[in-house]
Amino acid sequence: MRPAAHQQIDTLIHARWIIPVVPEGRVYENCSLAVDKGRIVALVPDSEAAGRFSAREEIHLQQHALLPGLVNTHTHAAMSLLRGFADDRPLMEWLEQHIWPAERKWVDPGFVADGTRLAIAEMLRSGTTTFSDQYFFPESTAEVAREAGIRVQVAFPVIDAPTPWSRNGEDALQKGLALRDNYRSHERIGVVFAPHAPYTVGDATLEKISVYAAEAQIPVQMHLHETAAEVDRAVAATGVRPTERLHRLGLLSPQTLCVHMTATNDRDIELLRESGAHVAHCPRSNLKLAAGFCPVADLLDHGINVALGTDGAASNNSLDLFTETGTAALLAKAVSGRADALPAHRALAMATINGARALGIEHETGSLEPGKSADLAAVDLGGLEQQPLHDPVSQLVYTGSGHNVSDVWVAGRPLLRQRNLQSLNETDVILRTRYWRDRIAGEIS
């Protein structure tokens, strides 16, 4: 009998552990992931892989965990150039007296492009393959992401006041919709609405966004309930809590991503559950700005999808989503008083498949399933700090760091090989960053 022909594929990755995330709780040992034309073909035991596939490239990760690339659901990437600029201040003082004045002075397309390159480089080196970004000059963000090869959801900011990018909310909507048209068919870049916050966008603009979003099925991302003081001011001004207001305006839906949600009551949670809206949890930013605690365990218990975001590097100061995941797991335990409130597997799901669901791209990324894009991260678990290794998922969440990420692929394309960036020039990124540091510090004009 003639032996069966091998299937020709682009890449075969052999790993000590493969963590698919879906199905939940599974860890496969000594298995292989087959990738062809940017998509996952199969996940099979090493012994079976040799008989089924003939690959143009084989990669052996003998002490690594291979997992889906992480999904950062909320960033302000260009603000990486303001990392450490105004630390240790309360949220509104930080915004009104430091960040907003600096943005008015410095933010332009060049600032956004250079800051986004720095952010993408940091995210790739820490295992993130998808990020959702909300910042000015989103055209620059989209172009840099396109060049770098990373997956991005560009959430264009809508504010009913002049900004460095737009004259008012209507101007922002027109510019953002034009940007969406430009990238309508792009496989890695999506463009969505980002009304900034309830206190910066009026009802008329929100109603327009609600209509556009419903008619064209466009996702919406919004800062919401970031602090108790914000909610109190909203109630004093409008008579209702922000979640209730968005519900009445038709803006709470399965397409809505609510960022922060640190100040919630039972009615807020019920509205989120009923609407199918998602939550982006940014624990380190919330902790640093003393903004409050998102009740993650309670939200998850009510069936609400909770994902993770780093926020911007000006308020974090890291874009390492592994560190964010560990912080989220520990904080959930402390807030709920339950050691089992957020187990390691569920925390990792928040950083992967939950994030993909929150962005509406779970069909494309977030787990290692045949047919999905080969968005992958390989983490070296052979180091001293990971020993002894009883449970690779536990190690990823509780001792994990982006510094252990060795390789990253997006749609099968290697963007990080053995810690070396492939689509960005690290030296150039650092030089551009130093230029902005010196300029902001007044050392150059």
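Which helix gives the most to the lining of the largest pocket? Keep that in mind as you open this predicted model, and let's start the walk there.

**Stop 1: the largest pocket**

Select residues 91-106. This is helix α2, and with 7 residues it gives the most to the lining of the largest pocket. The pocket itself has a volume of about 540 Å³. To find its middle, show W100, E103, F136, I159 and H196 as sticks: of the 29 residues in the lining, these are the closest to the centre. Now try colouring the lining by class. You should have 16 nonpolar residues, 9 polar ones and 4 charged ones.

**Stop 2: the second largest pocket**

Next, move on to the second largest pocket, with a volume of about 430 Å³. Centre your view on H186, I189, G190, V191 and I361, which lie nearest the centre of this pocket, out of 21 lining residues. Two elements give two or more residues each to this lining, namely β7 (151-158) and β8 (189-195). Strand β8 has the largest share, 4 residues. Colour by class again, and here the lining splits into 8 nonpolar, 7 polar and 6 charged residues.

**Stop 3: H260**

Now select residues 256-260, which form strand β10, and pick out H260. Is H260 buried or exposed? Its relative accessibility is 0%, so H260 counts as buried, the cut-off for that label being under 20%.

To see what surrounds H260, display its contacts beyond four places in sequence. Histidines H74, H223 and H225 are among them, together with the acidic residues E226 and D311. The cysteines C282 and C294 are also in contact with H260, as are L224, V279, A280 and N286.

For a sense of scale, draw a distance from the C-alpha atom of H260 to that of A55. Those two atoms are separated by 44 Å, and the residues are 205 apart along the chain.

**Stop 4: S140**

For the last stop, select residues 138-148. That is helix α4, where S140 is found. What does S140 touch, once residues up to four places away in sequence are not counted? Show P109, V112 and A113, and you have the answer. S140 has a relative accessible area of 13% and is therefore buried, since that label applies under 20%.

Before you close the viewer, put H260 and S140 on screen together: H260 sits in strand β10 at 0% relative accessibility, while S140 sits in helix α4 at 13%.

Methods
Residues are numbered from 1 along each chain as its sequence is written. This is a predicted model: local features need pLDDT of at least 70, side-chain atom pairs count only at pLDDT 80 or more; totals for chains, interfaces and linings use all residues. Side-chain values use heavy atoms; hydrogens and water are left out. Buried means under 20% relative accessible area, exposed over 50%, partly exposed in between (1.4 Å probe, protein chains only). Contact means heavy atoms within 4.5 Å. On a 1 Å grid over the protein atoms alone, a cavity is a set of points where a 1.4 Å probe fits but cannot get out, and a pocket is an open set with protein on both sides within 12 Å along at least five of seven lines; lining residues have an atom within 4 Å of a point. Grid points are joined across faces, edges and corners, and a volume is the space filled by probe spheres set on the points. Ala, Val, Leu, Ile, Met, Phe, Trp, Tyr, Cys and Pro count as nonpolar, Asp, Glu, Lys and Arg as charged, and the others, Gly among them, as polar.
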